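Me: I am new to reading structures, and I would like a close look at a single topic, namely the contacts between separate parts of the chain. Please take me through it slowly, beginning with the whole.

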Amino acid sequence: MTAPSTSPIIAPSTLAAAAPGFIYRALRHRAFMIGLILTGTMILSAILSLVWTPHSPTEIVIAQRLKLPSASHWLGTDQFGRDILSMIMAGAQTSIVVGLIAVSLGAIAGTALGLWAAARRGWTEDVIMRFSDLNMAFPVILIAILLTAGWGPGITNAILALGLFNISLFARQVRAAGIAMWEREFVAAARAAGKGQIAITFAHILPNIVSVIVVQATISFAVAILAEAALSYLGVGSQPPDPSWGRMLSESQSYIFLTPIIAVWPGLAIVLSVLGLNLIGDGLRDLIDPRLSRKR
């Protein structure tokens, strides 16, 4: 994903001038626009649920349990009589909060470690990369289970597990992109001008690998939503009464043969949200990469 030495690098000062062209190409990129619509729908649902839902997502009405979609309950009700649409809207909040915090933790710490490894090289790089390898050897679910064993289940442990895993992902991506930038001619010129490693890192390296960080953040966000749903499904993520798409799937499995539609809606919400973010990530990679941009 790193541009070769013959590819032009877009200087930060030219980004504002390139913005109209980027927007025009983004509007023509079908996959990117589909992803933007799907992700925008998820975000709008979460924002809307802060002020309004068709019914209370935590209200239990046993008399209305396992109802099929109707005018009063657009997506039906679950085994406790809770409105499924309201729960999905409120569950989007959980997915977005977990994704934002976990990806932010991973991006900040991982980018710092990756830049440090690329600038220092030698034993510093080896220590950071071996830490990254060790961290990636433990799956997110295993890390979350270990945290749960010590501190109990909860959304905080899910965020910590995802954040730790994302640190390694960002560190490896940033380190690889940073090393490629350190070999470029403009960095050699900055060194000749007397600039130190820190000044070069923030003035030249970081601005030119922002695209790598943005694409990785988008993809990691999708993975975080999927992982949060898996952790909630296993009972180590979001806890009742907070709505969660993964826990909705877990609770509906006992009624899958009686009313299968109650498992369809949360599963569809997860699929469409992850698909939308992946399409945005792929679209950004196409739009930002200069080599792919010239082909369009």
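Reply: A residue counts as buried when its relative accessible area is under 20%, as exposed when that area is over 50%, and as partly exposed in between. By this rule, 45% of the 296 residues of the protein chain are buried. Please keep in mind throughout that this is a predicted model, and that the values below were computed from it.

The protein chain contains twelve helices and zero strands, so its pattern, read along the sequence, is simply α-α-α-α-α-α-α-α-α-α-α-α. Along its principal axes, the C-alpha trace of the protein chain spans about 75 × 50 × 30 Å. If you take the contacts between residues at least 6 apart in sequence, 70% of them join residues at least 24 apart, and with that in mind we can turn to particular contacts between separate parts.

Let us begin with charged side chains. A search of the whole structure finds nine salt bridges, among them one in which the side chains of Arg82 and Glu251 meet at 2.9 Å, N to O. Arg82 lies in the loop between helix H2 (30–49) and helix H3 (84–120), while Glu251 belongs to helix H10 (residues 245–252), so this pair ties together parts that are 169 residues apart in sequence. Arg82 has a relative accessibility of 10% and therefore counts as buried, whereas Glu251, with a relative accessible area of 24%, is partly exposed.

A second salt bridge brings together the side chains of Arg175 and Glu125, at 2.4 Å, N to O. This pair, too, links distant parts of the chain, with Arg175 in helix H6 and Glu125 in helix H4 (residues 122–136), 50 residues apart. Arg175 is partly exposed, because its relative accessible area is 25%, and Glu125 counts as buried, because its relative accessibility is 7%.

A third salt bridge joins Asp133 to Arg172, whose side chains meet at 2.5 Å, N to O. Here Asp133 sits in helix H4 and Arg172 in helix H6, 39 residues apart, and again the pair links distant parts of the chain. Asp133, at 33% relative accessibility, counts as partly exposed, and Arg172 is partly exposed as well, with a relative accessible area of 35%. Salt bridges can also share partners, and in this model such sharing joins Asp78, Arg82, Arg247 and Glu251 into one network.

Helix H6 also offers a contact of another kind, at Leu164, which has its place in this helix (residues 155–182). Leu164 is partly exposed, since its relative accessible area is 38%. When neighbours within four places in sequence are left aside, Leu164 is in contact with Asn135 and Ile143. Leu164 and Ile143 are 21 residues apart in sequence, and their C-alpha atoms are 8.7 Å apart in space.

We can now move from single residues to pairs of helices. The axes of H2 and helix H11 (residues 261–288) come within 7 Å and cross at roughly 140°, and the two helices are therefore oblique to each other. H2 passes H11 in a left-handed crossing. Among the residues that meet are Phe32, Ile34 and Met42 in H2 and Leu272, Ile280 and Leu287 in H11. By class, the residues of the contact of H2 with H11 divide into 13 nonpolar, five polar and no charged.

H11 also packs with helix H9 (residues 210–234), at an angle of about 170° and with the axes 9 Å apart, which makes H9 roughly antiparallel to H11. This contact includes Val214, Phe221 and Leu226 from H9, and Val274, Leu284 and Arg285 from H11. The residues in the contact of H9 with H11 comprise 14 nonpolar, five polar and one charged.

The last pair is H3 and helix H8 (residues 197–208), whose axes come within 11 Å and cross at roughly 115°. In this case the crossing of H3 past H8 is right-handed. Thr111, Leu115, Ala119 and Arg120 in H3 meet Gln197, Thr201, Ile205 and Leu206 in H8, and this contact has four nonpolar, three polar and one charged residues.

Note on methods. Residues are numbered from 1 along each chain as its sequence is written. This is a predicted model: local features need pLDDT of at least 70, side-chain atom pairs count only at pLDDT 80 or more; totals for chains, interfaces and linings use all residues. Side-chain values use heavy atoms; hydrogens and water are left out. Helices (H or I, at least four residues) and strands (E, at least two) are DSSP runs, numbered from the N terminus. Buried means under 20% relative accessible area, exposed over 50%, partly exposed in between (1.4 Å probe, protein chains only). Contact means heavy atoms within 4.5 Å. A salt bridge is a side-chain nitrogen of Lys or Arg within 4 Å of a carboxyl oxygen of Asp or Glu. Axes are lines fitted to C-alpha atoms, for helices over the stretch in contact, and angles run from 0 to 180 degrees between N-to-C directions. A crossing is left-handed if the near helix is turned anticlockwise from the far one by less than a right angle, and right-handed if clockwise. Ala, Val, Leu, Ile, Met, Phe, Trp, Tyr, Cys and Pro count as nonpolar, Asp, Glu, Lys and Arg as charged, and the others, Gly among them, as polar. Angles under 35 degrees count as roughly parallel, over 145 as roughly antiparallel, 65 to 115 as roughly perpendicular and the rest as oblique.
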